[in-house]
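Student: I am new to this structure and would like a close look at one part of it. Please start from a single residue and work outward from there.

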Amino acid sequence: MGRRQRNRQRQQQRRERGGGGDGQGREQAGWEGGYPEIVKENALFERYYRELRIVPEGEWEPFMAALREPLPATLRITGYKSHAKEILQCLKNKYFKELQDLVVDGQKIEVPQPLKWYPEELAWHTNLSRKILRKSPQLEKFHQFLVSETECGNISRQEAVSMIPPLLLNVNPHHKILDMCAAPGSKTAQLIEMLHADMNVPFPEGFVIANDVDNKRCYLLVHQAKRLNSPCIMVVNHDASSIPTLQIDNNGRKEVLFYDRILCDVPCSGDGTMRKNIDVWKKWTTQNSLQLHGLQLRIATRGVEQLAEGGRMVYSTCSLNPVENEAVIASLLEKSEGALELADVSSELPGLKWMPGITQWKVMLKDGQWFEAWKDVPSNRQTQIRPTMFPIKDEEKLKVMNLERCIRILPHHQNTGGFFVAVLIKKSPMPWNKRQSKLQRKLSQRTGDISESVAAAEDGSVEIIEEPPDAEDKESKETQHLLNAESEQSKKDGVCGPPPCKKMKLFGFKEDPFVFLSEDDPLFPPIQKFYALDPSFPKMNLLTRTQEGKKRQLYMVSKELRNVLLNNSERMKVINTGIKVWSRNSDGEQFGCAFRLAQEGIYTLYPFINARIINVCIEDVKVLLTQENPFLSKFSSETHKRVKDLAMGSIVLKYEPDLSKPDTLQCPIVLCGWHGKTSLRAFVPKNERLHYLRMMGVEVFKAKRKEENFESKTEEGDQDSTKFLLERVE
């Protein structure tokens with residue numbers, strides 16, 4: 001008897017026995033089949049959290065009942081896109097209405113509701129599970145809409161509690177932001193949106209550096225960030241607990257880069273995610289928290305070291321365990337000696353239900369043995385349990401810490417996952433930084449070389465970042481090297497390659513270098529002339545990913561990220577940065593410019609382009625998006641006249657809303673196109689085409705191949721493998 005047959009027999013036996021009460025509930029919710037049944041019980045979990053009293057009296061049963069229910073699906077509309085309101089109206093007026101009174105697998109579908117605490121109704125939740133959403137024919141259109149808009153970056157499917165930390169960072173467009181443990185990138189996307197709050201500013205002064213220790217997850221992070229088409233994001237690959245100190249050039253003077261905002265969403269045991277990660281039920285023990293506590297504290301410590309004075313750092317986990325939460329915050333506050341304080345954010349998210357942080361807890365081993373204080377831990381257990389895991393016993397110190405300002409999210413209060421958030425504000429340099437500044441001055445005096453940076457450190461204008469005292473010697477050398485004048489480089493100016501192999505501690509794909517265009521690069525003048533670029537265009541921010549041969553793609557970063565790249569190429573492992581703005585076209589040179597515009601960077605470039613712009617009406621846009629290479633005769637007479645005298649090549653197609661017609665699309669659209677001899681086409685990715693068509697009141701639905709066999713045949717001959725079934729919305 002084979003393995004598959006044995007599995008079938010076991011499943012049949014379970015069905016004959018009835019599967020138990022929990023299995024029946026799961027079948028009613030549409031969770032049947034696909035996975036072996038996991039019993040949602042864990043005696044040690046219940047014993048541990050009952051004893052710690054993290055749940056208010058009388059709420060334990062609702063708490064456990066909520067944990068056993070599937071997590072509702074939540075989605076977030078990106079807030080910085082100019083057409084966010086149009087997407088919201090499309091959702092409310094079409095897709096949500098279609099869900100009314102719908103029954104799937106015996107379960108009534110509730111109409112999605114906005115999250116009360118998320119601004120401007122840009123986040124919604126529903127009782128639809130992922131399985132129902134993917135498998136139900138009645139929901140196929142809605143599912144395709146979500147997938148397509150997610151690929152475009154207009155919608156993010158993100159857990160509700162995961163949206164809280166970026167909101168509490170209180171980001172402004174000029175802030176320099178570090179996301180220490182960023183993958184898979186949903187929170188990073190929120191931070192990028194906040195930087196681009198004003199869409200009229202193509203280059204905000206701020207930027208986001210998104211880091212992750214896992215090289216493969218960094219590419220998932222790149223995918224998430226790329227959907228938002230921002231020139232202000234850089235993805236790096238480092239261990240967050242030892243992420244390098246960076247430097248920037250400030251009017252010819254080297255300075256340490258301090259971040260205005262830091263998101264510290266650390267790795268955790270994840271027992272707050274039991275509703276979606278049901279494996280946690282059988283795998284959960286206290287050992288996970290004990291093993292992660294040290295790493296979490298090191299990451300948080302490194303974060304506050306890199307935080308600017310007056311800056312804000314949000315520490316968060318998807319765990320309910322105080323060993324990973326309040327214990328880390330209390331230890332950090334204690335060793336900061338008053339340099340940090342917990343911010344009171346109780347009024348920043350009205351409508352959010354939360355519990356205050358706890359001040360007393362105990363530590364338990366996986367065998368169920370309890371310890372109330374460090375002095376009770378036997379010597380043979382002191383490698384598993386550390387002093388920083390216990391609560392502060394000094395009442396005065398405890399009162400000053402204000403641990404009750406931490407935020408605990410419990411699943412049964414608003415039908416979410418479990419979560420923990422603490423907001424820290426840095427009032428002064430960390431104490432070990434101050435001590436290290438003195439050490440640095442002594443070293444400089446011995447060598448007789450007192451640099452400008454050290455002089456600045458004396459009057460407090462520049463803080464020197466160092467590890468706590470046990471790492472002073474090693475970090476002292478690093479800081480001295482960092483604050484010296486230009487490091488010796490054999491590379492030519494403007495080339496930012498990856499660190500040499502001997503310095504790499506992480507394995508992964510070898511990245512191409514980042515090469516900025518030089519001031520006199522012959523590549524740029526033809527581009528500038530062809531598109532009549534404004535004199536204010538920041539051409540020094542253009543870069544390529546090759547040092548030799550033809551440059552095929554041109555990317556753009558903000559001025560601030562260029563500064564970071566040029567001054568830290570030997571210290572950072574950069575995975576990706578920049579937004580593609582031009583692509584080399586084989587036929588372009590004969591028309592006066594070898595590079596055509598790229599759609600992903602058009603909203604960044606458009607404010608600087610003064611030529612080759614064609615204004616089109618909404619009917620022309622529909623033709624461009626539904627036909628592959630339409631003839632000029634298919635466009636309106638006005639568009640035909642504008643194109644007639646225009647040289648062939650890359651163009652910008654601009655739609656401006658007509659305010660006198662409120663029923664039409666009321667947000668501007670900018671598309672990249674190509675003017676041929678007898679045709680006009682748009683270079684727009686498939687999902688973005690679908691998005692624009694939906695916003696114009698056209699329902700675009702691609703039927704499944706197994707249901708529409710004739711379509712699969714026509715798709716083979718279609719140049720972009722796209723065939724739409726178009727039907728006007730009534």
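Is Arg612 buried or exposed, and what is its relative accessible area?

Tutor: This is a predicted model, and what follows is read from that model. Arg612 is buried, because its relative accessible area is 8%, under the 20% limit for that word. Its place in the chain is the loop that runs between helix H21 (602-605) and strand E27 (613-615). The backbone at Arg612 has a phi near 60 degrees, which is a positive value in a residue other than glycine. Most residues other than glycine have a negative phi.

Asn402 can be set beside Arg612. Phi of Asn402 is near 55 degrees, again positive in a residue that is not glycine. Asn402 also belongs to a loop, the one between helix H14 (395-401) and strand E18 (407-409). Another backbone feature is found at Pro184: the peptide bond leading from Ala183 to Pro184 is cis, with omega near 5 degrees. Most peptide bonds are trans. Pro184 sits in the loop between strand E7 (176-179) and helix H9 (186-195).

For an exposed loop residue, turn to Asp101. Asp101 counts as exposed because its relative accessible area is 65%, and the limit for that word is over 50%. The loop that holds Asp101 lies between H5 and strand E2 (103-104). Asp101 and Val111 are 10 residues apart along the chain, and their C-alpha atoms are separated by 8.4 Å.

Farther along the chain from Arg612 comes helix H22 (residues 618-626), which packs against helix H24 (residues 686-695) at an angle of about 150 degrees, the axes being 10 Å apart. This angle makes H22 roughly antiparallel to H24. The crossing of H22 past H24 is left-handed. On the H22 side the contact is made by Lys622, Leu624, Leu625 and Thr626, and on the H24 side by Arg689, Tyr692 and Leu693. By type, the residues of this contact are four nonpolar, one polar and two charged.

H24 has a second packing partner to consider, helix H7 (residues 140-152), with an angle of about 115 degrees and axes 8 Å apart. H7 and H24 are therefore roughly perpendicular to each other. H7, too, passes H24 in a left-handed crossing. H7 contributes Gln144, Phe145, Ser148, Glu149, Glu151 and Cys152 to the contact, while H24 contributes Asn687, Glu688, Leu690, His691 and Arg694. These residues divide into three nonpolar, four polar and four charged.

The last topic is the interior. The largest nonpolar core has 140 residues, and the members that touch the most others are Leu91, Trp117, Phe142, Ile209 and Ile329. Helix H5 (residues 84-98) gives the most to this core, with seven residues. Leaving out residues up to four places away in sequence, Trp117 touches Ala160, Met163, Ile164, Leu167, Leu349, Pro350, Gly351, Leu352 and Gln414. Another core lies apart from the largest one; it has 32 residues, including Ile278, Met364, Met389 and Leu410.

To return to the starting point, Arg612 is a buried residue with a positive phi, in the loop between H21 and E27.

Methods. Residues numbered from 1 in each chain as written. Predicted model: local features only at pLDDT ≥ 70, side-chain atom pairs only at ≥ 80, totals over all residues. Heavy atoms only, no water. Axes fitted to C-alpha atoms, helices over the stretch in contact; angles between N-to-C directions. Helix = DSSP H or I, 4+ residues; strand = E, 2+ residues; numbered from the N terminus. Parallel < 35°, antiparallel > 145°, perpendicular 65-115°, else oblique. Left-handed = near helix turned anticlockwise from the far one by under 90°. Contact = heavy atoms within 4.5 Å. Nonpolar A, V, L, I, M, F, W, Y, C, P; charged D, E, K, R; others polar. Core = buried A, V, L, I, M, F, W, Y, C linked by side-chain atoms within 4.5 Å. Buried < 20%, exposed > 50% of the residue type's maximum accessible area, 1.4 Å probe, protein only.
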